[in-house]
Amino acid sequence: MASKENNYIQCYQQACLLELRALKPGNVGYYSSGHGMSVEQFELSAKASAEPLFSTCSGVGERILKAVNATREAVADNTNLGIILLAAPIAETLIKSENGEILRDNLAKVLADLSIDDAKYCYQAIQVAMPGGMGEVDDQDVSNEPSVSLLEAMELSADKDRIGYQYANSFSDIFEHNLPIYREYIQKWGSQEWATTAVFLSQWLRVPDSLIIRKKGLLKAREISDMIAPLANQVLASRDPTDHISGLLSLDGELKAVGINPGTTADITVATVFVAMLDRQA
């Protein structure tokens, strides 16, 4: 594998591991496991999915399927489907870019060029991963053969799934909101781990988590976002986030005790840190 692909793999794995080191209430990481999953499973998933994401493939959909299959062989659980769905278009953009830049215009072109075959591969991957809380939809349900492009399928889900929203809006959460937050808090706190926590909290404050929506309903997801807001705002306003470790850990325990996992927010956080890592390498 070429050196530039190895560099992309390294950035991807670093982003996955950095997100695990960040304190993210309700989500799995080095601070605490939960939801029947361990941090070791996420470490294995990051390693297993990295090379397939940047291998020689026919497109985004095939990258998704290869990475999900590799993860499934390493870990008998759905640990990283959302991360893979977000990372695959970024990987395709990097492979197609002559200078290795992850420019948003180039990513938008990759998304616009997604095909029905991409959707077929992606649907197969989702069936392999078996994510919880998917339910059924009337149009382009993942249990059926898709008849639209992957972008069109994601657009159909964009109002209820934040990963679909990224596809439909050229990853706007990442480029317009979260990357500036990450850079701001790197400067403010001098810590990649805590800047990652800032991205996680800021994203969750802006948008109720769509995994929680799928599993618990929109009203409950909004209620949870309102519940975490006072502490999250205190952390984001603080000069030293370590002052709030005990409060964040207490919230983490409360959320996990009732099965609340802001998993989509964590996936978007990984994608944000991945792009930030790539920017540093450019």
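Modeller: Happy to go through this one with you, and one term will help: a residue counts as buried when its relative accessible area is under 20%. Please keep in mind that the model is predicted.

Biologist: Thanks! Then let's start with Phe171: is it buried or exposed?

Modeller: The cut-off for buried is under 20% relative accessible area. Phe171 has a relative accessibility of 0%, so it counts as buried.

Biologist: Where does Phe171 sit, in terms of the helices around it?

Modeller: Its backbone is worth a look, as Phe171 has a positive phi of about 60° without being a glycine. Most residues other than glycine have a negative phi. Ser170 also shows a positive phi, near 50°, and it lies in the loop between helix H8 (162-168) and helix H9 (172-189). Phe171 has its place in that loop as well, between H8 and H9.

Biologist: Which residues does Phe171 touch, leaving aside those up to four places away in sequence?

Modeller: Phe171 is among the residues with the most contacts inside the largest nonpolar core. With residues up to four places away in sequence left out, Phe171 touches Leu86, Pro89, Ile90, Arg104, Leu107, Leu111 and Gln166.

Biologist: How many residues make up the largest nonpolar core?

Modeller: In soluble globular proteins, nonpolar side chains tend to be buried together. Here Tyr12, Phe54, Ile64, Leu150, Tyr167, Phe171 and Phe274 have the most contacts inside the largest core, whose residues number 78.

Biologist: And which residues does the second, separate core include?

Modeller: This core is made of 5 residues. Among them are Leu20, Val28, Met37 and Phe42.

Biologist: Now the rings. What class of aromatic pair do Tyr12 and Phe274 form?

Modeller: Across the whole structure there are 6 aromatic pairs. In this one, the ring centres of Tyr12 and Phe274 are 5.8 Å apart and the planes lie at 80°. Planes over 60 degrees apart make a pair edge-to-face, and the class of Tyr12 and Phe274 is edge-to-face.

Biologist: How many residues apart in sequence are the parts that this pair ties together?

Modeller: Tyr12 and Phe274 are each buried, at 1% relative accessibility. Since Tyr12 belongs to helix H1 and Phe274 to helix H14 (residues 263-281), the pair ties together parts whose separation in sequence is 262 residues.

Biologist: Which residues do ring pairs link into a cluster?

Modeller: Tyr12 and Phe274 are a pair in their own right, edge-to-face. The cluster linked by ring pairs holds Tyr8, Tyr12, Phe54 and Phe274.

Biologist: Let's turn to the empty space. What is the volume of the largest cavity?

Modeller: There are 3 cavities of 30 Å³ or more. Tyr12 is one of the residues lining the largest, along with others including Cys16, Phe42 and Asn80. Helix H1 (3-21) and helix H2 (39-53) each give at least two residues to this lining. The space in the largest cavity is about 60 Å³.

Biologist: And which element gives the most to the lining of the second largest cavity?

Modeller: The second largest cavity has about 50 Å³ of volume. Two or more lining residues come from each of helix H3 (60-74) and helix H4 (81-96). The lining divides into 4 nonpolar, 4 polar and 2 charged residues. With 3 residues, the element that gives the most is H3.

Technical notes:
Residues are numbered from 1 along each chain as its sequence is written. This is a predicted model: local features need pLDDT of at least 70, side-chain atom pairs count only at pLDDT 80 or more; totals for chains, interfaces and linings use all residues. Side-chain values use heavy atoms; hydrogens and water are left out. On a 1 Å grid over the protein atoms alone, a cavity is a set of points where a 1.4 Å probe fits but cannot get out, and a pocket is an open set with protein on both sides within 12 Å along at least five of seven lines; lining residues have an atom within 4 Å of a point. Grid points are joined across faces, edges and corners, and a volume is the space filled by probe spheres set on the points. Helices (H or I, at least four residues) and strands (E, at least two) are DSSP runs, numbered from the N terminus. Ala, Val, Leu, Ile, Met, Phe, Trp, Tyr, Cys and Pro count as nonpolar, Asp, Glu, Lys and Arg as charged, and the others, Gly among them, as polar. A nonpolar core is a set of buried Ala, Val, Leu, Ile, Met, Phe, Trp, Tyr and Cys residues joined through side-chain atoms within 4.5 Å. Buried means under 20% relative accessible area, exposed over 50%, partly exposed in between (1.4 Å probe, protein chains only). Contact means heavy atoms within 4.5 Å. Rings of Phe, Tyr and Trp (its six-membered ring) pair if their centres lie within 6.5 Å; planes under 30 degrees apart count as stacked, over 60 as edge-to-face and the rest as tilted.
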